[in-house]
Amino acid sequence: MSRIAVYRVLVIAAAVLLLELLCYVGVIDRITMQPPHRILRDLALILISGKQNAAILKTLSNASIAFGLALFVGVATAVVLHGYRALRETLDPLFATYYAIPVFAFYPLLIVLLGLGDAPQIGIGFMLGVVAVIVNTLNGLDRVPRVLRKTARIQRLGTIETALTVTLPYAAPYVLTGAKFAVAYSLIGIIGAEFIMSRGGMGYEISFAYNNFDNATMYPLIVLILVVSISINTGLSRWEKLLLARRGQ
Amino acid sequence: MSQAHVSLRGVTKVFPSSSGGQGLHALGPIDLDLQQGEFFAVVGPSGCGKSTLLELIAGLTSATEGTVEFEGRRIEGDIPDGIGVVFQEDACFPWLSVEDNIAFGLRKIAVAHEEKRRRIGGVLDLMGLGDFARSYPAQLSGGMRQRVCIARTLVIEPRLILLDEPFGALDQQTRLLMGDEVLKLWRQTGATVFLITHALDEAAMLADRIAVMSARPGQLIDVVETHWPAERDSHIVERLEFGAVTARLWKSLREESLKTMAKTSRGPADRT
């Protein structure tokens, strides 16, 4: 483990210990927050008992669908936009200001369009994630050296084959950066939507627990979301580093 | 007289103006015949249209006027079968190993798996890359990466090899050694080779015939025959005739280079 990694672990451990101490001496009261060791114990109990399994499964499967759609549609859209300069220049201002738009405001509209099931929640997760994928993939495609495109032409590759075998593999580290954002945004979208209007999922369970002062459920679920999001992002970051290392970067 | 392997007749290239005005006359008219199996080089001042000429033969761009034929078939913006191109820039795919980079050249060629393995093994040995088959381009020197690109071209067994300043990014010693390797490959493959270069000594050492291009719009103003034996290498530079060939090239080129310098000192030249 590198020295920086050790420092990171120490900072996190110090923060957890501080929280533990503040809870122990009563600066943070039990109604506000459980001490970290209790949160971990409650999380283990929740996972062993399986009482939140349905909620966890619903949230993670909806987030996976939203993420998968954002990745597929985002990459495909970026490839098309990269080939049509006028269309890209038309949409550039939208991408630049997209995250200033409160996507959750469209939730009622999505319910009208998609009904009351999981679809509007997936729609929110998708809408939050897709533009991050488009913008980062375009950034990667812009960096593909002209000579690689000429090489693809010399090899008589078609447009789709060139994208799949030359330009997208070159842009892969940038696509992964977009994917990292999309994972986080998809989870935010799904859980946020479950908070607003849902009868299930981790967001709904956290909201329900909050309204009922049920800290033994609320904090463990929050920690679980953090662990899932950070684990996926760490995995994607390692993959990104591996790709860059092969390129001597 | 036998049919030319590559034939250009009245070839002209004009790049359209983005403002709708008169376009940029980059090249031509050019008439040129390349014979089967000859090593032909083109030298010329910067921006004279050398690379455009190569791209016209490769089918990467279309002529505004005139015709380009390869093996008797007209090239009209389509990449013909049997042509391999090596560019000046590093064209290795950085995410693929050396072996996979070379195998990439065979994607569009219908050959059996065993034959693919044989060809890849053959060019790896030929280019001295056998020990680096599983390495990635980032682990190789500039000269070795260029060898990977040449290997990727050779694996398709091209009948016409187009070299666009392939040693431009290499140091002088490596250029001489790479020149020896290209000559060896040319003899082994029997392919026609068309080389674009800035370096007069490189053209004089490698080619059977060397065309000198004028300043833009590029036209052929001289063709020099070297009369070198096929079994040659970089030791050719020790010959007295080598100096005479280089001197004649420079005599033809000097005036054109001065014209280009005068143009670029008046304003930025367009890249052709």
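**Exercise 1. Work out how many residues of chain B are in contact with chain A, and describe that side by class.**

Step 1. Count the contact: 15 residues of chain B are in contact with 15 residues of chain A. Here, two residues are in contact if their C-beta atoms, placed from the backbone, lie within 7 Å.

Step 2. Sort the chain B side: 11 of its residues touching chain A are nonpolar, one is polar and three are charged. In this scheme Ala, Val, Leu, Ile, Met, Phe, Trp, Tyr, Cys and Pro count as nonpolar, Asp, Glu, Lys and Arg as charged, and the others, Gly among them, as polar.

Before going on, keep in mind that this is a predicted model: local features need pLDDT of at least 70, side-chain atom pairs count only at pLDDT 80 or more, and totals for chains, interfaces and linings use all residues. Residues are numbered from 1 along each chain as its sequence is written, while chains are lettered from A and ligands numbered from 1 in the order in which they are written.

**Exercise 2. Take chain A as a whole and describe its elements, its box and its confidence.**

Step 1. List the elements: chain A has 10 helices and zero strands. Both kinds are DSSP runs numbered from the N terminus, with helices (H or I) of at least four residues and strands (E) of at least two.

Step 2. Look at the extent: along the principal axes, the C-alpha atoms of chain A fill a box of roughly 70 × 55 × 30 Å.

Step 3. Check the burial: 35% of the 249 residues of chain A count as buried. A residue is buried if 20 or more other C-beta atoms lie within 10 Å of its own, exposed if 12 or fewer, and partly exposed in between, with C-beta atoms placed from the backbone.

Step 4. See how the contacts span the sequence: among those in chain A with a separation of 6 or more, 75% come from residues 24 or more positions apart.

Step 5. Read the confidence: the mean pLDDT of chain A is 91, and 100% of its residues reach 70 or more. pLDDT is the predictor's confidence in each residue, from 0 to 100. Among the elements of chain A, helix H5 (residues 107–114) has the lowest mean, 82, and helix H3 (residues 53–83) the highest, 95.

**Exercise 3. Find A:Phe67 and explain why A:Phe67 counts as buried or exposed.**

Step 1. Place the residue: A:Phe67 lies in helix H3 of chain A.

Step 2. Apply the neighbour count: A:Phe67 counts as buried because it has 26 C-beta neighbours inside 10 Å.

Step 3. Name the partners: leaving out residues up to four places away in sequence, A:Phe67 touches A:Gly129, A:Ala182, A:Val183 and A:Ser186.

Step 4. Add a distance: A:Val133 is 66 residues apart from A:Phe67 along the chain, and their C-alpha atoms are separated by 9.9 Å.

**Exercise 4. Divide chain B into domains and describe where they touch.**

Step 1. Set the bounds: domain 1 of chain B covers 6–82 + 160–266, and domain 2 covers 90–157. These bounds come from an automatic or database domain assignment.

Step 2. Count the contact: domain 1 of chain B supplies eight residues and domain 2 of chain B six residues.

Step 3. Find the main contributor: helix H5 (residues 172–189) of chain B gives the most to the domain 1 side, with four residues.

Step 4. Sort that side by class: the side of domain 1 of chain B that touches domain 2 has six nonpolar, two polar and no charged residues.

Step 5. Give the spacing: the centres of the two domains of chain B, taken over C-alpha atoms, are separated by 25 Å.

**Exercise 5. Trace the four-stranded sheet of chain B from edge to edge.**

Step 1. Write the order: the open sheet runs S2-S1-S4-S5 in chain B, with antiparallel pairing. Two strands pair if DSSP finds at least two bridges between them.

Step 2. Explain the edges: strand S2 (24–34) and strand S5 (73–74) of chain B each have a single partner strand, so one side of each is left without a neighbour in the sheet.

Step 3. Follow the bridges: seven join strand S1 (residues 6–15) of chain B to S2(B), and B:Ser7 stands opposite B:Asp33 in S2(B). Five bridges join S1(B) to strand S4 (residues 65–70) of chain B, where B:Val6 stands opposite B:Phe70.

Step 4. Finish at the hairpin: S4(B) and S5(B) pair over two bridges, and B:Phe70 stands opposite B:Arg73 in S5(B). This hairpin has two residues between the strands, and B:Glu71 takes a positive phi near 55°.
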